[in-house]
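Hi everyone, thanks for letting me take this slot. Let me put the structure up on the screen, and then we'll walk through it together.

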Amino acid sequence: MSTQTNAPAAQPISIHIPHTLRCYTIPLHSFLARNPNYHRVVCSALIFAPPTASHAHSSSAQDRRLLLVKRSAAEVAFPNLWEIPGGSVDQEDPTILHSLAREVFEETGLRLTRVVRQAGQGIEWTENKNGKECKWLKLTFEIEVAEIGSSTIPVDEGNVEKYLESIPVELDPEEHQEYAWATEKEIRESLDEGKGREIGWKELAALMLQAFAVGRMSPEEAMLEDGTTTRY
């Protein structure tokens, strides 16, 4: 399935959406009506470079890096912690996945072209504001973006950093102060040993590691019986 989305200051691009994720091609009010336990929804994106281990410019799965962004020091919630791009789903967004594309573009300047799979079933938490309970759901998706797919620099041994520098990530300084392309080892050290970049949510770090594991699978191993790719 493909849909069209208009990113600010960019031409409309075609987005491939697996049929198993059509449940997210509905607006927020419809999603909340079907899931009345939740009041707010957040979406976030796992963006790898290269996108897959079998990518034309990839020498091996070991070359894969995950895009992390560091929250602004001025943020009220979780300042200076690392996360992946994403944000709240707005009522004005045509669908949940339009929100994902919008947030990714606003925070990184990257344009979503393919939703690969959903990562996990969602992370839940509850806030109490002015005596009212608000239950949140964070949906995470592994995606591909136009700017990475169009890179002409090969990922050879000793050339990884040059390849990553060619990807035009543009941060919104009001939300994030820095970005990094993290290795699986760096994510694992942050989760297990508290070393390096501090990731805001352990559940999210665990999803990152699962995504790296799926990336090491062959296309045949990652394919499910219904013809879709592995969902973790």
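Okay, let's start at asparagine 80, which sits in the loop between strand 4 and strand 5 (82-83). When I say helix or strand, I mean DSSP runs numbered from the N terminus, with helices being H or I and at least four residues, and strands being E and at least two. Before I go on, this is a predicted model, where local features need pLDDT of at least 70, side-chain atom pairs count only at pLDDT 80 or more, and totals for chains, interfaces and linings use all residues. Residues are numbered from 1 along each chain as its sequence is written, and side-chain values use heavy atoms, with hydrogens and water left out.

Back to asparagine 80. Its phi is near 70°, a positive value in a residue other than glycine. Is asparagine 80 buried or exposed? Neither, quite: it counts as partly exposed because its relative accessibility is 36%. The cut-offs are under 20% relative accessible area for buried, over 50% for exposed, and partly exposed in between, using a 1.4 Å probe and protein chains only.

There's another asparagine to look at, number 130, in the loop between strand 7 (112-129) and strand 8. Asparagine 130 also isn't a glycine, yet it has a positive phi of about 55°. With 82% relative accessibility, asparagine 130 counts as exposed.

One more loop. Proline 50 lies between strand 3 (40-49) and strand 4, and the peptide bond leading into it from alanine 49 is cis, with omega near -10°.

Now zoom out for a second. The chain has seven helices and nine strands. Of its 232 residues, 48% are buried. And if you take contacts between residues at least 6 apart in sequence, 64% of them join residues at least 24 apart; contact here means heavy atoms within 4.5 Å.

Let's go inside. Serine 44 lies in strand 3, and it is buried, with a relative accessible area of 0%. Which side chain does the side chain of serine 44 make a polar contact with? That would be threonine 140, at 2.9 Å. A polar contact is a pair of N or O atoms within 3.5 Å; within protein, one must be able to donate a hydrogen and the other to accept it, and residues adjacent in sequence count only if both atoms are side-chain atoms. Leaving aside neighbours within four places in sequence, serine 44 is in contact with several residues, including Ile84, Pro85, Leu100 and Phe141.

Next, cysteine 134, in strand 8 (residues 132-145). Cysteine 134 counts as buried, at 17% relative accessibility. Outside its neighbours within four places, it is in contact with His39, Arg40, Trp125, Thr126 and Glu127. Cysteine 134 and asparagine 37 are 97 residues apart in sequence but 9.4 Å apart in space, C-alpha to C-alpha.

Over to glutamate 147, in helix 3 (residues 146-149). Glutamate 147 is buried, with a relative accessible area of 12%. What does its side chain pair up with? Arginine 111: a polar contact of 2.7 Å joins the two side chains. Not counting residues up to four places away, glutamate 147 touches Gly109, Leu110 and Pro168 as well as Arg111.

Last stop, helix 5 (residues 184-193), whose buried residues are Glu184, Ile187 and Ser190. They cover an arc of only 130° around the axis, so they are on the same side of helix 5; that arc is taken from the directions from the helix axis to the C-beta atoms. The face turned away from that buried side carries the exposed residues Lys185 and Asp192. The buried residues of helix 5 pack against strand 4 (65-71), strand 9 (176-182) and helix 6 (202-215).

How do helix 5 and helix 6 pack? At an angle of about 150°, with their axes 10 Å apart. Axes are lines fitted to C-alpha atoms, for helices over the stretch in contact, and angles run from 0 to 180 degrees between N-to-C directions. So helix 5 is roughly antiparallel to helix 6, a label for angles over 145 degrees. Among the residues making the contact are Ile187 and Leu191 of helix 5 and Ala205, Leu209 and Phe212 of helix 6.

And just after helix 5, glycine 194 takes a positive phi of about 70°. Okay, that's my tour!

Key. Angles under 35 degrees count as roughly parallel, over 145 as roughly antiparallel, 65 to 115 as roughly perpendicular and the rest as oblique.
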